[in-house]
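Please open the model in your viewer and keep the sequence panel beside it. The stops below say what to select next and what is to be found there.

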Amino acid sequence: MSDVPNRMQELRQALSDLNREILDLVGRRIALVDEMRALKLANGLPMYDPVRESRMFEALVEQGQGILGEAEIRSVFRPIFEISLAHMEGRASGDLRIGRRPGESDRVLNIKGGTIGVPGSPAVIAGPCAVESEEQLERTAAALAGMGIRFLRGGAFKPRTSPDAFQGLGIDGVKMLRAAADRHGLAAVTEVTDPRQLEDVAPLTDILQIGARNMANYALLQEAGRTGKPVLLKRAFAATIDEFLLAAEYLAKYGSSDGGIILCERGIRTFERETRFTLDVSAIPILRQKTALPVIADVSHAAGRRDLIAPLAKAALAAGASGLMLEVHPCPEAALSDASQQLSIQEFQQLLRELNVGVF
Ligand code: PEP
Ligand code: MN
C-alpha cells in the first residue's frame with residue numbers, strides 16, 4: 001500500500017514527460033506545415049486538400065493497433081489537423097478565413113475593368129432578372145454601357161418557386177449573356193444552381209452568383225470555390241449573419257478567397273407582407289465589421305416592387321454597401337420573371353441620377 005503514492009508520482013512524471021513530447025511533436029508538425037505553406041504558395045496550390053486529409057485519417061485509423069477506437073483516433077487528430085490548416089492558411093485557429101484582420105482595409109475586386117469594394121464609389125450590377133432573348137440583352141447591355149455601368153447580370157438557370165414558372169434558357173442563355181457583355185466590354189454575372197453547371201458556366205462568366213435559395217448548398221459552394229472564379233454569394237432569406245458568413249467560409253476554404261467573394265444582402269423573411277422581403281440594412285455594417293469582403297445590396301429582390309428601389313438603394317449605400325444589384329429590363333411589364341420589381345431603362349437612369357452614380 002505504502003508505495004502507491006510513489007508509483008503515482010512516477011506515473012504523473014511519465015505523463016508530464018509524454019505531454020511535453022506530444023507538444024514537441026505537434027510543434028515539429030507545424031514547422032513542416034509552414035514549409036508546405038511556402039511550397040504551395042510558390043506553386044499556386046490550394047492550402048486545403050480534402051483527399052489528402054481523409055487519407056491521413058484512414059492511415060491513422062489503420063495504424064491505431066486497437067489501443068484507441070476509430071472515433072477516438074479521429075478526435076485526437078482533428079484538432080491537430082485544424083491547427084495545421086490554420087497555420088498553412090496564415091490565420092489563427094478559430095478565426096474565419098474571410099474575417100477582417102485587425103487594421104485590414106476593405107478588399108477591392110477588379111474584374112474586367114470594373115471595381116467592387118471601394119466605399120463611396122458603388123459598383124452597380126444591373127440587368128434583367130432572367131436572360132430572355134438576344135434582343136432583350138442587347139438593348140439592356142448597350143444602355144448600361146452607355147451609363148458607365150460595368151457589370152451585366154442575367155439569370156439563365158432560374159431558381160423558381162413553382163416548377164411551372166419560366167426556368168430560364170440554361171446554357172444558351174449564359175452564352176447570350178457572355179456575347180452581350182463582350183460586345184459592350186462588360187463583366188458578366190450569372191447564377192448557378194447546381195454543381196453540374198459549373199464546368200460549362202464558369203468559363204463563360206466573370207462572376208458566379210450563388211442565390212439565396214442555394215446559400216446553404218454546401219456541395220455547390222465547394223465546387224464553385226474550386227473554380228477559383230469570383231463568387232457573389234447572396235444571403236438566404238432565413239439565414240442569420242453567422243450562417244451567411246460560414247457559407248462564405250466554404251467558398252474561401254475550397255479556393256475562392258484569392259478569386260474573390262462578394263457578399264450580398266438581399267432581404268430576409270419577416271412577418272411584413274408589404275414588401276417581398278425585408279432588406280436587413282443592419283446586416284451591411286455588421287458584415288463589414290466582421291469581414292473585409294465587398295458587401296453589396298440587392299434591393300430589387302428585397303423590395304419586390306419598383307417604387308421602393310430608390311429609397312432602399314440610398315439606405316443601403318448610406319449603411320456602407322459598396323455596391324448594388326438592380327434588376328433592369330427594357331420592357332419590365334413583359335418580363336418573364338419578377339416583372340413588378342424590374343426597372344425600365346429610363347427608371348434606371350433616373351435612379352443613377354438620384355444616386356449620383358455612373359454617367360446619366
Ligand atoms: C436573382 O438574383 O436572380 C435571384 C434569384 O435572387 P435571390 O437568389 O436573391 O432570390
Ligand atoms: Mn429576379
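Begin by selecting serine 121, which sits in the loop between strand S2 (114-116) and S3, where helices (H or I, at least four residues) and strands (E, at least two) are DSSP runs numbered from the N terminus. With a relative accessible area of 37%, serine 121 is partly exposed; buried means under 20% relative accessible area, exposed over 50%, and partly exposed in between, with a 1.4 Å probe and protein chains only. If you add asparagine 217 to the selection, 96 residues away along the chain, the two C-alpha atoms turn out to be separated by 32 Å.

Before going on, note that this is a predicted model, in which local features need pLDDT of at least 70 and side-chain atom pairs count only at pLDDT 80 or more, while totals for chains, interfaces and linings use all residues. Residues are numbered from 1 along each chain as its sequence is written, chains are lettered from A and ligands numbered from 1 in the order in which they are written, and side-chain values use heavy atoms, with hydrogens and water left out.

Now zoom out to the whole protein chain. Its C-alpha trace spans about 95 × 40 × 35 Å along the principal axes, and the chain holds twelve helices and ten strands. Colour residues 4-88 as domain 1 and residues 109-355 as domain 2, bounds that come from an automatic or database domain assignment; the centres of domain 1 and domain 2, taken over C-alpha atoms, are 42 Å apart. Of the 360 residues of the protein chain, 46% count as buried.

Next, select lysine 112, placed in the loop between strand S1 (109-111) and S2. Its phi is near 50 degrees, a positive value in a residue other than glycine, and lysine 112 is partly exposed at a relative accessible area of 42%.

Move on to ligand 2, the manganese ion. Which protein atoms are its donors? They are Cys129 (SG), His301 (NE2), Glu327 (OE) and Asp338 (OD), lying 2.0 to 2.3 Å from the ion, where donors are N, O and S atoms within 2.8 Å of the metal (3.2 Å for Na, K and Ca), and water is not among the atoms, so sites may look incomplete. Along the chain these donors follow the spacing C-x171-H-x25-E-x10-D. Cysteine 129, in the loop between strand S3 (123-127) and helix H4 (134-146), and aspartate 338, in the loop between strand S10 (323-327) and helix H12 (345-355), are 209 residues apart, and the pair links distant parts of the chain. Cysteine 129 is buried, with a relative accessible area of 2%, and aspartate 338 also counts as buried at 16%. Check the backbone of aspartate 338 as well, since its phi is near 50 degrees, a positive value in a residue other than glycine.

Stay in the loop between S10 and H12 and select histidine 329, which is buried at a relative accessible area of 4%. The side chain of histidine 329 makes a polar contact with the side chain of glutamate 132 (2.9 Å) and another with the side chain of glutamine 136 (3.4 Å); a polar contact is a pair of N or O atoms within 3.5 Å, and within protein one must be able to donate a hydrogen and the other to accept it, with residues adjacent in sequence counting only if both atoms are side-chain atoms.

Then select ligand 1 and the residues around it, which are Arg153, Lys158, Glu191, Gln209, Gly211, Ala212, Arg213, Lys234, Arg266 and His301, each with a heavy atom within 4 Å of the ligand. Polar side-chain atoms of glutamine 209 and arginine 213 lie 2.9 Å and 2.8 Å, respectively, from an oxygen atom of ligand 1, and for an N or O atom in the side chain of arginine 266 the distance to a ligand oxygen is 2.6 Å. Taken alone, ligand 1 exposes 290 Å², and the protein buries 97% of that, with areas from the Shrake-Rupley method and a 1.4 Å probe.

As a last stop, select phenylalanine 277, in the loop between strand S8 (261-265) and helix H9 (283-290). Phenylalanine 277 is buried, at a relative accessible area of 4%, and lies 4.7 Å from alanine 302, C-alpha to C-alpha, although the two are 25 residues apart in sequence.
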